[in-house]
Amino acid sequence: MRPFNPKTLFSLAAVGVLALSACGEAPEEEPENENTETAENGEAAEAPEDVDFTACLVSDAGGWDDQSFNESAYNGLQNAIEDFDIDSNTAESSSEADFGPNVDAMVQQGCDLTFGVGFMLEDAVDEAALANEDLSFGLIDSTFPSDPENGKALVFNTAEAAYLAGYVAAATSETGVVATFGGIQIPSVTVFMDGFADGVDRYNTDNGAEVQLLGWDKESQNGSFSGDFEDQNAGRTLTEQFLAQDADIVMPVAGPVGLGAAAAIEDHGDALLIWVDTDGYESTDYGDIILTSVMKQIPQAVYDTIEEAVAGEFSSEPYIGDLENEGVGLAPFHDYEDEVDGEVKEKIDELIEEIISGETVVESENAPQ
Amino acid sequence: MSEADRKNDAAPESSSPAPAPGGALKEAESRLHYALRDLAQSSWVITVLSIVVALGVGAVLILATNAQVQDTLGYFFARPGDFFSASFEVIRDAYSALFRGAVYDWQAATPQRSIRPLTETLVNAVPLILAGLGIAIGFRSGMLNIGGQGQIILGATCAAFIGYAFQLPLGLHLLLALMGGVLGGAIWGGIAGVLKAKTGANEVIVTIMLNNIALYFLAWLLRQQWFVQTGSNQPIAAPVEDSARLFGLLGSGFRLHAGIFIAIAATVFVWWLLERSTLGFEMRAIGENPEAARTAGVNVPKATALVLIIGGALCGLAGAAHLLGTEYRLAAGIAGTLGFDAITVALLGRSRPLGTFLAGLLFGGLRAGGVLMQAQTGTPIDIVLVLQSVIVLLIAAPPLVRAIFFLPGTDTKPKKPRHRRRALRDTASRRAEDPALAGSAQGEGSQR
């Protein structure tokens, strides 16, 4: 009856797709020895000849595509794999109950160096480090509770870089109002906000100005939070409120939630964004509204730690990223290079000097000890 | 079959038809009641076949996301053998890792590690079984308790606080912490239960909202220094004292703890409660037909409230066992997705105690196996979620499974008359009932 039987249609389509896609040339050699990351199973696993080292990474609940620290750590690992020709293993955690089993699975897979990303993995990694003294462990954004010999903490004093961002924001703001908000109230987030608040204060004292900061009160440790690291709409709503209160520079410290803030700012048209963790000019699509970024060099820290471990020089000495070792820093102004006063730029360089020399101390109760 | 028939007869009254105030929700709810009842009728074969189909769907997804297989597909016509051998290897590796991670690992370094996967499955299953039982009690009584998540959070919170804030002797401390968990869950479930019994508030909405309240309540607590008692401002509480931890059963290297006995005991208790006790009979009666139950002298508001209180208590116990047995420290994500997984466990277990127990074991095994599968073969852990979802999806649609496997429709005989009967009764009751009464669900109707 019907001119086209759905089944016929479907199989025609399937054959067509197959025919189009499957006509490639067969490779000369067996493709199985490709050194790709996904080819870990089966015989493809015996890859590198010279270095026998496996570096592993366990994420927190954010996963590798969180555009924030999990992803940064993952990128650091990928760079290390390329450069040192090492093996790797990664595990994504879907909830807190997965942390222990995932770290344990990494140990069982013979990982020489296992990183836990985020303070939530503190206990799981600490425990594994105590139980496996011959293996090395790293912890990003947190310190080991029991300071094992084989555990290295990778922490970042982002307050120092955020201080600079606060100063620039206050100096650049035309309305005299700047704002910041966080994802969840945890130290690795609020440390940014503390530094930002101090930077704004510094500008006010130095110049007798009265730039106002919305969204964070360092004194009472109270401020605006979107509630998670996922809901971009919450970031948008918060930012719209800040804009309505005349803010013209906003710094979201909330991973992908910051993209919601970016969208609100783009709609508003007359405000700027300060990105965090990575250089937002490169990592997001909103380069044209990003004044600068507060960078946290997680990839570099992970890479360096792996390099040390591969060379047999792993130490439990914690890595504290600060302005001095360039573990944290302010990104270039990119499109706004000309808009920021030369004076302000000079002042920033001065401030960097002061902080490194210890003349100015950026204090934050949330900074890594 | 006799039980199923009895249920069919009793069915529609509990879910009065359309012209109710707030009708869409009621209607959807009554459909869910039918779905739940249908679930209970399909046979165990369907369950097993659903798992098979789910593994098949999972295999396709594993292949589709595997770079090696994609490469071989690119030159499929030039050398199809590559594609098939690569596919076979990938699937074999992934599923054998899943099995080895969940049951017995024959590739492990030591015999101890070989049997560890099975104990991990049990560890994962403990909270799933306990919370699943809590949800199942609700289902059997015609109530959709979506609040497992909140009840687990409250249970874990109370258990944790008792666990680290007090110094008590060994046995007593553990007992008190567990009781605290039970109480926390019972209170959280009880809020929904009492609201439903007293005011007829819809338990679905109330429990969902209570989930959010519990989550943010915990987030607030974790920022209070008097609560976390750690001296740091990380939102994580102090670890519970050793005296309050559920003791390990197999020594170091294993995480299996005494919680598994609690899960077994709770399963027996729920069976006794539902099948042998008067209260359980009343609970099932209001699930089948609250009007009839009221006529027969059941105190419907009381039974309604008790269902959610007991369900909440079980969920709270799940949270307590999870915290005191494996996690030890309270953090914002303590419940993970347990509360929602528990709903699927209860569905898969057909709301029967033993079924829920087995379903909890299966899901616990999938979780445990997923860890090894991800670590060893790089297969994304999300595949496990897909497996779980497909299993439940297919169990909710038995005809689909039968169609896939060309099985005869075992339920087809009662099906047709049932529909006609239902339709007849619906029109009859539409005519008979006055509009106000038509809207009455279990609780409110019985109050008049």
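In the predicted model, the buried residues of helix H4 of chain A pack against helix H3 (99–108), strand E3 (113–117), E4 and E5 of chain A. Helix H4(A) spans residues 122–131, and 7 of its 10 residues are buried, so it is largely enclosed by the rest of the structure. The buried positions are Glu122(A), Asp123(A), Ala124(A), Val125(A), Asp126(A), Ala128(A) and Ala129(A).

Strands E3, E4 and E5 of chain A, against which H4(A) packs, belong to an open sheet of 6 strands. The strand order in this sheet is E2-E1-E3-E4-E5-E13, with parallel pairing. The edges are taken by strand E2 (87–91) and strand E13 (319–321) of chain A; each has a single partner strand, so one side of each is left without a neighbour in the sheet. From one strand to the next, the twist averages 15 degrees.

Within the sheet, strand E4 (residues 136–140) and strand E5 (residues 151–156) of chain A run parallel and are joined by 4 bridges. In this pairing, Gly138(A) has Lys152(A) of E5(A) as its bridge partner. Strand E1 (residues 54–58) of chain A is likewise parallel to E2(A), to which 5 bridges join it. Cys56(A) stands opposite Asn89(A) of E2(A) in this pair. The connection from E1(A) to E2(A) passes through helix H2 (residues 69–84) of chain A, forming a right-handed β-α-β crossover.

Although E2(A) is an edge strand, it is mostly covered, with 5 of its 5 residues buried. In a regular strand the side chains alternate between the two faces of the sheet. In E2(A), Asp87(A), Asn89(A) and Ala91(A) point one way, while Ser88(A) and Thr90(A) point the other way, and all are buried.

For chain A as a whole, the secondary structure comprises 11 helices and 14 strands. Chain A has 369 residues, of which 53% count as buried. When its contacts between residues at least 6 apart in sequence are considered, 67% join residues at least 24 apart.

Chain A also meets chain B: 34 residues of chain A are in contact with 36 residues of chain B. On the chain B side, two or more residues each come from helix H4 (67–74), helix H5 (80–102), helix H14 (300–327) and helix H16 (353–377). By residue class, this side of chain B consists of 14 nonpolar, 14 polar and 8 charged residues.

One of these contributing elements, H4(B), has Gln68(B), Val69(B), Asp71(B), Thr72(B) and Leu73(B) as its buried residues. Within chain B, the buried residues of H4(B) pack against helix H3 (44–64) and H5.

The model scores ipTM 0.74 and pTM 0.79. For chain B, the mean pLDDT is 84, and 84% of the residues reach 70 or more. Residues 1–20 of chain B have pLDDT under 50 throughout, and the model has 40 contacts beyond four places in sequence for them. In residues 411–418 of chain B the pLDDT is also below 50, and this stretch has 5 contacts in the model beyond near neighbours in sequence.

Technical notes:
Residues are numbered from 1 along each chain as its sequence is written. Chains are lettered from A and ligands numbered from 1 in the order in which they are written. This is a predicted model: local features need pLDDT of at least 70, side-chain atom pairs count only at pLDDT 80 or more; totals for chains, interfaces and linings use all residues. Two strands pair if DSSP finds at least two bridges between them. Axes are lines fitted to C-alpha atoms, for helices over the stretch in contact, and angles run from 0 to 180 degrees between N-to-C directions. Two residues are in contact if their C-beta atoms, placed from the backbone, lie within 7 Å. Ala, Val, Leu, Ile, Met, Phe, Trp, Tyr, Cys and Pro count as nonpolar, Asp, Glu, Lys and Arg as charged, and the others, Gly among them, as polar. A residue is buried if 20 or more other C-beta atoms lie within 10 Å of its own, exposed if 12 or fewer, and partly exposed in between; C-beta atoms are placed from the backbone. A crossover is right-handed if, with the strands pointing away from the viewer, the path from the first strand over the helix to the second runs clockwise. pLDDT is the predictor's confidence in each residue, from 0 to 100.
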